[in-house]
Amino acid sequence: MTPLLKTTALTVDYDQDQRSLQARGAISMLVQPALNRINQRLAEEKPALVREGDIVASTWLPPIPSGPFKRLVLSEAKIAIGRFVPQTVSIEVTRACGCACDHCVIKEGDGELKAEEIKRVVDEALDLGACIITFTEGDPLLRDDIFELISHVDPERAVVNMFTPGLEMTPDKAEMLKDAGLYNILIGVYSTDPEVHDRIRGLPGAHEKAVAAIKMALDAGLLVTMSTHVKGDRVSEIFDLYDLATELGVHEFSIWEGMPKSAEEQLTKIDRETITRFYRKVNRTPGGPRVFASTYFEGQMLGCMAGRRWIHVGVDGGVRPCPYIEDAVGNVLERSLKDIWKDVRKSGEFEAFRTDCPAQSQHLAL
């Protein structure tokens, strides 16, 4: 047993051989249910990566053991008594992107947060209890200071994820991302057919560059997630995409539910059952990348995380409960993230455990 966390009221031990977590102490009953969920995943599902000193259960979670994972456990104790913590804070760092995706919502407009403003938001997020910081939109690699921003995140408090379409990746940049402390890079691939992917990205050659970026990131020793968004008319593609992810050797294949613009694009109950069955089958089969599916993680397991475990900062500073909900609650250029989070929680709109995505209904109504 390795002591993962030890306070006067709580001790959490990690048995690396058994891959299990056990809480002891006065408030152990608050965190053990969350640890049981993790233990069940560790027992039933393959991890994304096992290293000599830790285990990456999923690239969406801090490694076990680690400082950020300790913070995750402590935040679960607070959540158990109704004091929700934004464990994940995602930040749009630029409008710039070489793609011209139809689904992009930030390509119109001007301006983006300055480096010092982003650093302040990161610091405020960490003070709120965040243990996962995600840099996203449009292509963070088009910011010359992205390596500085990544380095600014205290690795003892949070891990750093970054989304990119992969257009700007080079071997040198991959090494610089690794040196800066990037935990996991997420590169989107929407189809195994280059023409389909390029059409979605609005750029010829985008598929080839995404695949090349994945290979460069792996060569640099980064954790790599190949991600995709699915709608009701494209669920069947996840099988071929997983084969591509396996061929490339990524650590995790991440499936997100896309925002439907028509009834035809809306996921049905059967679609979600297909995704969930695929998630379970792959993760219980040795070899190949692990699968993450928001359909399961934010459906059956934790419920919608918007305004409960997640908050999103837009490129203009506007703060939303998640990236997909349209209306901003406040702006970090005018108020602190702490005060905005308080308003999110006081609104009462994010109290109920819900297995559906409220943003999908919102997008269909537009």
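**Exercise 1. Strand S10 and its partners**

Which residue in S11 is the bridge partner of Thr225? Then place S10 among its neighbours and say how far it is covered.

*Solution.* This is a predicted model.

Step 1. Thr225 has Glu252 as its bridge partner in S11.

Step 2. Take the whole pairing. S10 and S11 run parallel and share six bridges.

Step 3. Turn to strand S9 (residues 184-188). S9 is joined to S10 by five bridges, also in the parallel sense. Within this pair, Gly188 stands opposite Ser227 of S10.

Step 4. Check burial. Seven of the eight residues of S10 are buried, so the strand is mostly covered.

Step 5. Look for a helix over S10. Helix H8 (residues 237-248) lies across strand S10 (223-230), strand S11 (252-257) and S12. H8 runs at about 165 degrees to S10.

**Exercise 2. The sheet as a whole**

Give the strand order of the open sheet of 10 strands. Which strands stand at its edges?

*Solution.*

Step 1. Read across the sheet: S12-S11-S10-S9-S8-S7-S6-S13-S14-S15, with mixed pairing.

Step 2. Find the edges. They are strand S12 (290-293) and strand S15 (330-331). Each has a single partner strand, so one side of each has no neighbour in the sheet.

Step 3. Pick an inner pair. Strand S7 (residues 132-136) pairs with S8 in the parallel sense, over four bridges. Ile133 has Val160 of S8 as its bridge partner.

Step 4. Go back to the S12 edge. Helix H10 (residues 294-301) lies across S11, S12 and strand S13 (310-313). The angle of H10 to S12 is about 55 degrees.

**Exercise 3. Two helix pairs**

Describe how H1 packs with H2, and how H3 packs with H11.

*Solution.* Two packed helices are described by the angle between their axes and the distance between the axes.

Step 1. Helix H1 (residues 28-44) and helix H2 (residues 67-80) have axes that come within 7 Å and cross at roughly 125 degrees. H1 is therefore oblique to H2. The crossing is right-handed.

Step 2. List the H1 and H2 contact. Leu30, Val31, Ala34, Leu35, Arg37 and Ile38 of H1 meet Phe69, Val73, Glu76, Ala77 and Ala80 of H2. Sorted by type, these are nine nonpolar, no polar and two charged residues.

Step 3. Helix H3 (residues 115-128) and helix H11 (residues 337-346) pack at about 55 degrees, with axes 9 Å apart. H3 and H11 are thus oblique to each other.

Step 4. List that contact. H3 supplies Val121, Glu124, Ala125 and Leu128, and H11 supplies Leu337, Lys338 and Trp341. The split is five nonpolar, no polar and two charged.

**Exercise 4. Two residues to place**

Is Asn283 buried or exposed? Where is Glu168 found?

*Solution.*

Step 1. Asn283 lies in helix H9 (residues 269-283). Its relative accessible area is 1%. The cut-off for buried is under 20%. Asn283 is therefore buried.

Step 2. Find what surrounds Asn283. Leaving aside neighbours within four places in sequence, Asn283 contacts Glu44, Glu45, Lys46, Arg290 and Val291.

Step 3. Glu168 is in the loop between strand S8 (159-164) and helix H5 (171-180). Its relative accessibility is 25%, so Glu168 counts as partly exposed.

Step 4. Find what Glu168 touches. Not counting residues up to four places away in sequence, Glu168 touches Asp139, Leu141, Leu142 and Lys173.

Step 5. Compare sequence with space. Glu168 and Gly98 are 70 residues apart in sequence, and their C-alpha atoms are 8.5 Å apart.

Note on methods:
Residues are numbered from 1 along each chain as its sequence is written. This is a predicted model: local features need pLDDT of at least 70, side-chain atom pairs count only at pLDDT 80 or more; totals for chains, interfaces and linings use all residues. Side-chain values use heavy atoms; hydrogens and water are left out. Axes are lines fitted to C-alpha atoms, for helices over the stretch in contact, and angles run from 0 to 180 degrees between N-to-C directions. Angles under 35 degrees count as roughly parallel, over 145 as roughly antiparallel, 65 to 115 as roughly perpendicular and the rest as oblique. A crossing is left-handed if the near helix is turned anticlockwise from the far one by less than a right angle, and right-handed if clockwise. Contact means heavy atoms within 4.5 Å. Ala, Val, Leu, Ile, Met, Phe, Trp, Tyr, Cys and Pro count as nonpolar, Asp, Glu, Lys and Arg as charged, and the others, Gly among them, as polar. Buried means under 20% relative accessible area, exposed over 50%, partly exposed in between (1.4 Å probe, protein chains only). Two strands pair if DSSP finds at least two bridges between them.
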